[in-house]
Each structure stands twice: as C-alpha cells, then as structure tokens.
Amino acid sequence: MGRLKTIARRSFLVGSVAVVGGVAFGIYTVRKPHENPLTAGAGEAVLTPYVRIAQDGITLITPRADSGQGAYHVQAALIAEELDVDLDQITPDPGPPSPAYWNTALAAEAAEFMVPAAGVMHDMAEGAVTSVMKVMGLQITGGSTTVPDQFDKLRHAGASARETIKALVSKREGVAIGDLTTRAGKVILPDGQEIPYTDLAADLADVEVVQDVPLREPSQWRYIGQPMQRIDMLAKSTGTQDYGIDAAVDGMVQATVLMNPAQGGGMADYDATEALSMRGVQAVVPITGGLGIVADNTWRAFRAAQAITVTWEAPSFPPEQADHWATLEAAFTPDAQDSRKRDDGDVDTALAEGDVLTAEYRAPYLAHAPLEPVNAIVRVDDDRAEVWTGTQIPRFIQANVSRITGIPADNVTVHALMMGGSFGHRLEDEVVKQATEIAMQMKGTPVKLALSREEDMLHDFPRQIAMARLRGTVANGQVAALDLGIAMPSVMASQLSRQNQSAPGPDSQIVAGAWDQPFAIPHQRVTGYRAPELAPISSWRSVGASTNGFFYNAALDELIDAAGADPLEERLRLCSDPLARRVLEAVAEMSGWSGIGGNGTGRGVALTKSFGVPCAQVIEVTGIDTGLRIDDVWVAAEVGRIVDPVNFENLVQGGVIYGLGHAMNSQITYAGGVAEQSNFDSNPGLRLSQSPRIMVRGLENGDRVLGIGEPPLPPAAPALAGAIWAATGMRLREMPFSKFLTFA
Amino acid sequence: MHLRINGTQHEVDVEDDMPLLWVLRDELGLTGTKYGCGIAQCGACTVHLDGVATRSCQVWAADAVGTEITTIEGLGAPGALTAVQAAWLTEQVAQCGYCQSGQMMQAAALLAENPQPGDPEIDEAMSGNLCRCGTYPRIRAAVQRAARLMQEG
C-alpha cells in the first residue's frame, strides 16, 4: 500500500505533465495508437511502447540508457516479470526518442526540489509546463531514477502484453483465458500444447491491447529479488560488446576535434597546412570553438590535430584556480543566499551561548572520465539526419541536431548505443553538436567523431567546486548546534544553459545531501550560497551530495568528537528516521563496531541520505610502512526493493570505489584557463592495489522503490576521513586527501 | 606489412609508427581491444605479443611484425569460453565492461606465468588496468576463480 501512496503523491505532482505529454502515471495506459512511437513491421506486433513481438524474436524496449549500471538488464527483467519470457529469449532495444518514454520520476523530483511548489502547481493547473519541467521530464537517464520510474510502468507493459497474447489464444483456440498459462515466451493450453509468442506475431498485430491488468503479488515474482545473469554479461565477458566507439556505418570517415583547451573559449586563427599534407587527412574544418579533423583512421586524425597551430581566445571564467577558491570564499553572504531549507531550533541563540567550534571544508572540481572517450557518428543529408551515440539525453540530441541543421526534429533519428561508463558525462552532448557541425560540411557522409583522452578530459564539464563552513556547539556530551553554510556555483544553471534552458528558483543541489539529513540535532541550520558561475560544470555521480555528504558528515564528526561521543553511537542517538537507523545498525553489526580504534588502525563512519536512499558506511584503515591502507568497507543501503542483488552489490561496490578514489587521488585544477589534468597519469582515481574489501547489505524495509547508482558515493569520503582521524589524528577537511598523506 | 593476429596472417598498409591499437581497431575491425588513454595508463588496449601482456597503444605496427599477436577475439568466444572468461562471467565482473577486454588479457597473461597468484601478485599484475566503474573486488575474485578453474583443468 505504501507504494500506492507514493504513486498517488507523484501522480499529483506530475499530473498535468502526464496529460500534456500523453503519459499516464501509476496505472499506466500502455497503448494508445497515437502515442506509441513503435511501428510494427510486416508480420509483427507492437504491444505497448515496450514490447515488440516478431516471428523471429521478442524485443523489449529499455529506454533508460545503459552506462554500465545494468539499466537494460533491469528494465528487461521488469517487463519479463509479467510477460513471462526468459531473459535469454529477448533482445533489448533502447527505442527511439519519444514522449512515451518520459522520465516521470525525474520530473517529480524536479517538481519537488527545483521549483517553488506553488508555482509548479499553478503552471500545471494552467497546463503550461515550465521550462524546467519540460527539460527534466524528458527522456533522461539520471538521478538514480531508472528503477523508481520504471518499476511499475514496465511491469504493467509486460502484463498488458501477456494478457493480450492470452486473449488472442483464448479466442482462437476456444479456451477460457483462465485456463491458459504462460511461461518462457509460450502460451500453454490445458492439454499441454505450447504456442510460442513469436508464432502469434502476425495475428497479434490486429488485436486490441488489454489494459489495466493487475500486477502480480511479490510472492509470485520469478525475477525480482533473485540473482540473475545480467543480459549483457556474456558479451562483456568476451570482448564482444559493442560500444559507441566501436560502431561503424557504411562510408564513414574518422574524425576528431581540436578544441580550445580553455573550455568554451573561441578560436582566433589557425594554420592546418601541415596537417592537411599528412597521410589520410581529408579535411580540417572550423566548428564552434575549434576545429574538426577528418581522416581515414582515428590515429591519423589525432596525429594531424597535433600538427595544427591555433591562436586561442581566453575563456570566460577566471583562469587561475586560486581565483575560483576566492570566489567561493566570498560567496558566504546574505546576498548570495540561495536557500535555507532547514532551520530547526534556535541556532543563533545556541551559538551565542556555547563555545563555538568552527571549521572550513573544500571539495575540488572532478572529471567524470568514463573509460570510453566520448564519440558519435552523425550523418546529415538535405532533409534528414541520423545520429549514433551513447547518451542519457536522446531527446536533447534530437532537438540540438535539429537546431544546428535546420532539419525538423522528426527527421532526426537517434540510435542510442551502449556506453563505456558515464557517471553523468553523457548528460552532455557537445560531441554530438561537434560531429553535427562537421557533418554539415560534408553532407551525405557519416562522420564518426572520437575524442582523444586529452580532449575529453580537458572538456569534461567537471563536478562542482564547493566549500562549506561550520559553526557548532556541544553540550552535556552531545551535539547541540550545527550551522552549516555551503557555497558552490549552480550545477543545474550551468548544465541547462548548454541546452538553452534556464533553471528558475533555488538550486536544491547546492544543499543536497546536507539539508535533509535524518539527524535531529536540536539547533540545526543548513544554508546554501550560490557562487557565481566559474568553469562550466555538470552533474557528476550523486551531484550536490558528492560534496555535501562529505561536508555534513565531517562537520558532524568534529562536533561529536568535541562532545566526547562515539561517532556511530551519537549518529544513532540523533537519528530521526527509522529506515536510516536500521542502516546504521546494519553497518554497526556488520563491522562489529566497538569504537574508532587508534594506534595505527582507525575506523570512521558516515551516513548520507541522497536520492531518497540512506546509505551508511564504516571504513577501517591501517598505517603500514608504505602509507595508509584502506582495509575494509562495510556498506548498508535502504532501497525498498532490490531488483537484482548481484547487480546491486556490484553497483554499491563501484560507488564506494568511485567515491574513495576521487576523495583520495583526484582533482581538476585550472591554470591559464586550462585544466591541469588531461589524462589518467595526473588524474588516476583508484587502482586495484588500493581497492579495499567491500561488504554490502541491501535493506528492503521501506515502501518506496529507489535506485542505487548514486547513493553509495557520498558517505565514502567522510567515512574515510573519519578513519584517517581515528588512525592518525589528522583531521582532513579538503579533498583530495593525497595532498596531505600517502596512501599505500 | 604482415601481422600475425590470432593465428591469422593479415596484410596492412600503414605507417611504421601507427600504434598497433589503431591497426587492430580501424584497419582490421578488431574492436574488442579498446582505446582509453593512449599513454599506457589504463590498460584497456592490452593484447599479448608472444604471450606477454602489452599495451597496444604503445607498440608501433612495425615492431609487432614477426610476433604472435593475440587479442581478446583470440582468447575465446561466447560459445567457447576460456577459464578467464568463464570466471569473469560467473563472478559477473562487468559494469560498463569497457575495460574488461584489457583486464581479461592481463589476467590471462598473469595466470599463464603464475597459475596460483596470491593477492600481492594479483595487485602487482592488475593495477595497471583501470576500471572506472570500480569492479576491482570482482576482478580479484574472478582472477582467483580462473586460477582454480585452470587447476581443475
């Protein structure tokens, strides 16, 4: 029942968007002919926007993009749960960009957090969708919303398709529907005769889809909650998985770009004489902010790019890193206040009455740096364009290619390809815009654009730079007051500006992972300060919480230490949310917590609730002769329902490692307007030798189904900082930690 | 020039200094070998030259002439998994999977040289291969499983 309540609430929030976009939420209206973007070929049937049945196979549409998080697998499993097909019988297809695949969960998040609620409700009542809703409600993969958004929708689609198939067989064979069963892609008649769905494809094309089929009870589930072999695992265990960078189109040329290394700066002049004389080089063409180099081989394009001399213009942001920090330091002012979403008790009085502890924290810019450099194939013809690329934002790509080429969006086809990682990087589409600009200058020829690692990292719109300031007091061995101010530029404003959109209202990401933490400190205030835009920035795995989870927990740790309390016991005492409490209790039990240790071995603990998921971690470190070694991490997270426990464990381990690796070893800094890190030598993240044991427990006590892609990241850095404090007495308030100590 | 790759002789017309990686990918369409960094920092392009795990982004095509080149396509296939691939599948190592060709090639070379590596040997052999998704705990488990599979024959 709890889930129904959630749906009702969300339906209310996104109600008119649902109508405007043609998407009904909750009990999902799975088929109305004008809404379904799929068209059936001869002899095949399209049952809902998610199920295509042909004589030669069953295709399930999995519109949320797969960047390695197993999105295709999880989406296919949700459809299969009701459709009664085996996962090795189906082919996943990300489908076309279409309003049918709007991410209503992300739209709901946007409505809740990004826009003053009254305004949204007013706009919705008027049927006028705000620009933010328009943007955020599109076919976007992000915010750990794939499972929350699709958990019911896809099962409804599977159920409708199954009952439609049964209705056809019932009529054709003269058997009551109740006497038919389905299994492994077949309808089974009472006499044991089996009819494969694929044999019914031609007849199914003409039948009305059965609507409003009740979903199965969890006790009947065959897939959800069970360990499965991910549908892409065989290909990815044999090197046979194709990614965007492996895609080939007949007649294509290989291209790369040479962009102003100072992100966003223009190009004054260039000389490509030498490059044009090099073997295999076909063209050097100007594009916005740089040059496209076209050749017959990627390496020849890379090499030619290095032979071009260019006079670049200065970027629009401060060229030196110190100026970025100075901008943040100056942003803690009433004029720059963006939000104060939490103000409990009487913070000012509490601070006036106690000994005030103060501290300042910093988190650097960070590149996303998925291992596959970004790439795209674009072909532009007179009246249509075609794009092949790995992306989380297919609808934006469609719109941008349309804008650049003047070709109507309906004539822009986007093929979404498997991504070799993203972490938020593929929420940007500069590479598609660049490929389109090149392809415009050689119409009819497919242009495959691949960036070199250096081009990619130098232009990787990084994670926000951020600072926080703490003032707090303790009393009677307890935390009494916590006043945390957080300053950063707005990620949403920077990111949306590249899609020609504005982000009205406060940016909740400035305080995400801090303002809404489940700790009932008597006097507690969290204030967000919006620094002016600096280097262009973008959503990086867990977004605001990636910096703020560190700030909040580190601040809490300092107060707990001042109070003379145990960091886990005091968190438990303060915890105001029963689900979060159980997560803390889980890591205490898993780790056998008995205090922070000392004498060379130390333990830290942190809990961050982000994307609705409370995630706690205990980390243990030991000082050895080569430095500090991270031995063990115990993690627990509450997600309501785990679709696939194997994939869940893998994603949690990966999130911890992504969080630790960057907290320890990585940053992006600017000098002369150019990022000083352009490859993995200067920006290494974590390697296997530094990777700890990671024990994972997923909890399913809550009634909301939530995603796990991002929540494991924010607690990793502060739990490590706590462990370092316990082991060494060093209180680290700035990332990366390797600036201050050596890791083994 | 002639290159012997996965037991087959290929004739290619490329510059001497074209990295083997780009000969494989762009000239021969063997795209299982991945480009990640171009400077031997990530290991995604790992192949075997005469059985030795080698970063193909750092090997000139001309220098690979006369060697036995093995790529991920030559290690095994979906219907005929080698021990390393079977272990990778059972442990469900991959997330995005982009680095895993190189990881498996590195692991196969390690196990050929040291059939029962301990954690320090695994650390040393595998730490040149980056995985941005953070599948390291599973990579470690898969290397150990592959070692067991090979012992069992």
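Modeller: Before we start, a definition: the radius of gyration is taken over C-alpha atoms, and the globule rule is 2.2 Å times the number of residues to the power 0.38. Please also note that this is a predicted model.

Biologist: Understood. What does that rule give for chain B, and what radius of gyration does chain B have?

Modeller: For 153 residues, the rule puts a compact globule near 15 Å, and chain B agrees because its own value is 15 Å. The C-alpha trace of chain B spans about 40 × 30 × 25 Å along its principal axes.

Biologist: How much of chain B is buried?

Modeller: Of its 153 residues, 58% count as buried. In addition, among contacts in chain B between residues at least 6 apart in sequence, 62% join residues at least 24 apart.

Biologist: Which helices and strands does chain B have, and in what pattern?

Modeller: There are seven helices and five strands in chain B. Along the sequence, the pattern of chain B reads β-β-α-β-β-α-β-α-α-α-α-α.

Biologist: And where are the domains of chain B?

Modeller: Domain 1 of chain B covers 2–75, and domain 2 of chain B covers 83–152. Their C-alpha centres lie 20 Å apart. The contact between them takes 16 residues from domain 1 and 14 residues from domain 2.

Biologist: Which elements of domain 1 of chain B give two or more residues to that contact?

Modeller: Strand 3 (46–49), strand 4 (52–55) and helix 3 (72–75) of chain B do so. The largest share, three residues, comes from strand 3 of chain B. By class, this side of domain 1 has eight nonpolar, seven polar and one charged residues.

Biologist: Changing topic: how many residues does each chain put into the contact between chains B and A?

Modeller: Chain B gives 47 residues and chain A gives 50 residues. On the chain B side, helix 7 (136–152) is one of the helices that supply at least two residues. Helix 7 of chain B in fact makes the largest share, five residues. The chain B side divides into 24 nonpolar, 15 polar and eight charged residues.

Biologist: Now chain A. How do helix 2 and helix 6 of chain A cross?

Modeller: The axes of helix 2 (residues 71–83) and helix 6 (residues 146–173) of chain A come within 7 Å and cross at roughly 35 degrees. The crossing is right-handed.

Biologist: Which residues make that contact, and of what classes are they?

Modeller: Helix 2 of chain A contributes residues including A:V74, A:L78 and A:I79, and helix 6 of chain A contributes residues including A:F151, A:L154 and A:R155. The residues of this contact divide into 12 nonpolar, four polar and four charged.

Key. Residues numbered from 1 in each chain as written. Chains lettered and ligands numbered in written order. Predicted model: local features only at pLDDT ≥ 70, side-chain atom pairs only at ≥ 80, totals over all residues. Axes fitted to C-alpha atoms, helices over the stretch in contact; angles between N-to-C directions. Helix = DSSP H or I, 4+ residues; strand = E, 2+ residues; numbered from the N terminus. Left-handed = near helix turned anticlockwise from the far one by under 90°. Contact = placed C-beta atoms within 7 Å. Nonpolar A, V, L, I, M, F, W, Y, C, P; charged D, E, K, R; others polar. Domains from an automatic or database assignment. Buried ≥ 20, exposed ≤ 12 C-beta atoms within 10 Å, placed from the backbone.
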